[in-house]
Amino acid sequence: MGEPVPVSVVALDPVLEAGTKSTLYACPDVTVTEPDTPGAPGGPAAEPRVVVMIVDRFARAELDMLRATRDTAGRPAVVLVASDLTSGDALHALAAGARALLRRREADAPRLSRAVLAAARGDCALPPDLLDQLLNRSGAAGDAPGWAAAGLSERERSVLSMVADGHETSEIAQRLAYSQRTVTTVVHDITQRFRLRNRAHAVAYALRAGLL
């Protein structure tokens with residue numbers, strides 16, 4: 001096991017912030033950083049690799065906060081936890097840079113820890129039912145004809161759908177009976193073909209373009 005992932009928590013409601021920190025303290029694979037948490041003896045404050053953002057609803061103010069969080073030093077990955085999320089909210093959040101989405105009622109220690117770790121390694125994780133809504137919604141979308149014309153192969157679609165569901169490369173390989181190298185190559189090919197930054201970016205834009 002590697003070093004715990006440094007995580008910070010931001011929320012408009014201090015009660016929600018305190019509750020989320022308490023949940024994260026129970027996760028052995030993460031460490032909660034505070035503004036005065038040293039990165040090394042006598043050194044500067046530790047920079048979080050992941051920021052858990054807690055909101056009641058996801059509207060314009062929350063979207064702006066997400067973007068501002070992504071634009072801070074180190075460009076941390078963002079895990080968005082909201083009271084409720086529609087498929088439209090999810091699309092906006094993913095396009096703004098969120099790497100993982102959770103509903104507050106589902107954000108217990110194991111799920112929150114998995115979402116943080118997925119975000120830290122550049123993966124994208126969504127609740128299965130929300131992913132289904134996005135797939136159904138994007139299947140009827142026609143807002144990016146260039147992408148739609150290029151399309152995805154069945155293998156690419158299968159791999160990318162499992163990436164969106166938060167599965168690691170080894171899990172995808174096992175479930176689809178591919179080698180891990182094949183899975184990595186498939187994701188790399190997708191990101192290169194569409195000039196995307198990473199797995200999360202690929203999932204967000206494939207959903208928006210109706211490729212999944």
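## Helices across the sheet

Helix α2 lies across β1 (5-11), β3, β4 and β5, and runs at about 170° to β3. Helix α4 (residues 109-120) lies across β1, β2, β3, β4 and β5, at about 150° to β4. These angles run from 0 to 180 degrees between N-to-C directions, with axes fitted to C-alpha atoms, for helices over the stretch in contact. Helices (H or I, at least four residues) and strands (E, at least two) are DSSP runs, numbered from the N terminus.

A word on what you are looking at: this is a predicted model, in which local features need pLDDT of at least 70 and side-chain atom pairs count only at pLDDT 80 or more, while totals for chains, interfaces and linings use all residues. Residues are numbered from 1 along each chain as its sequence is written, and side-chain values use heavy atoms, leaving out hydrogens and water.

## The protein as a whole

The secondary structure comes to 10 helices and five strands. Of the 212 residues, 48% are buried, meaning under 20% relative accessible area (exposed is over 50%, partly exposed in between; 1.4 Å probe, protein chains only). The protein exposes about 10500 Å², and carbon and sulfur atoms supply 50% of that area, as computed by the Shrake-Rupley method with a 1.4 Å probe.

Contacts (heavy atoms within 4.5 Å) often link distant parts of the sequence: among those between residues at least 6 apart, 69% join residues at least 24 apart.

## The sheet

The five strands form an open, parallel sheet in the order β2-β1-β3-β4-β5. Two strands count as paired if DSSP finds at least two bridges between them. Strands β2 (30-32) and β5 stand at the edges with a single partner strand each, so one side of each has no neighbour in the sheet. From one strand to the next, the twist averages 30°.

## Strand β4 and its neighbours

Which way do the residues of β4 point? Ala 77, Val 79 and Val 81 point one way, Val 78, Leu 80 and Ala 82 the other way, and all are buried. That fits the tally for β4 (residues 77-82), where six of six residues are buried.

On one pairing, six bridges join β4 to the parallel strand β3 (residues 50-55). Here Val 52 stands opposite Val 79, and Ile 54 stands opposite Val 81. The chain crosses from β3 through helix α2 (residues 60-70) to β4 in a right-handed β-α-β crossover. Right-handed means that, with the strands pointing away from the viewer, the path from the first strand over the helix to the second runs clockwise. Five bridges join β4 to β5 (residues 98-103), again in parallel, with Leu 102 as the bridge partner of Val 81 in β5. Together, β4, α3 and β5 make a right-handed β-α-β unit.

## Cores and a buried aspartate

The largest nonpolar core has 35 residues, and Leu 66, Leu 80 and Leu 101 have the most contacts inside it. Such a core is a set of buried Ala, Val, Leu, Ile, Met, Phe, Trp, Tyr and Cys residues joined through side-chain atoms within 4.5 Å. Helix α7 (residues 154-164) supplies the largest share of this core, five residues. A second, separate core of 24 residues includes Ala 11, Cys 27, Val 81 and Ala 118. Not counting residues up to four places away in sequence, Leu 80 touches nine partners' worth of neighbours, among them Met 53, Phe 58, Leu 66 and Leu 101.

Is Asp 89, in helix α3 (residues 87-95), buried or exposed? Asp 89 counts as buried because its relative accessibility is 16%. Leaving out residues up to four places away in sequence, Asp 89 touches Phe 58 and Asp 84.
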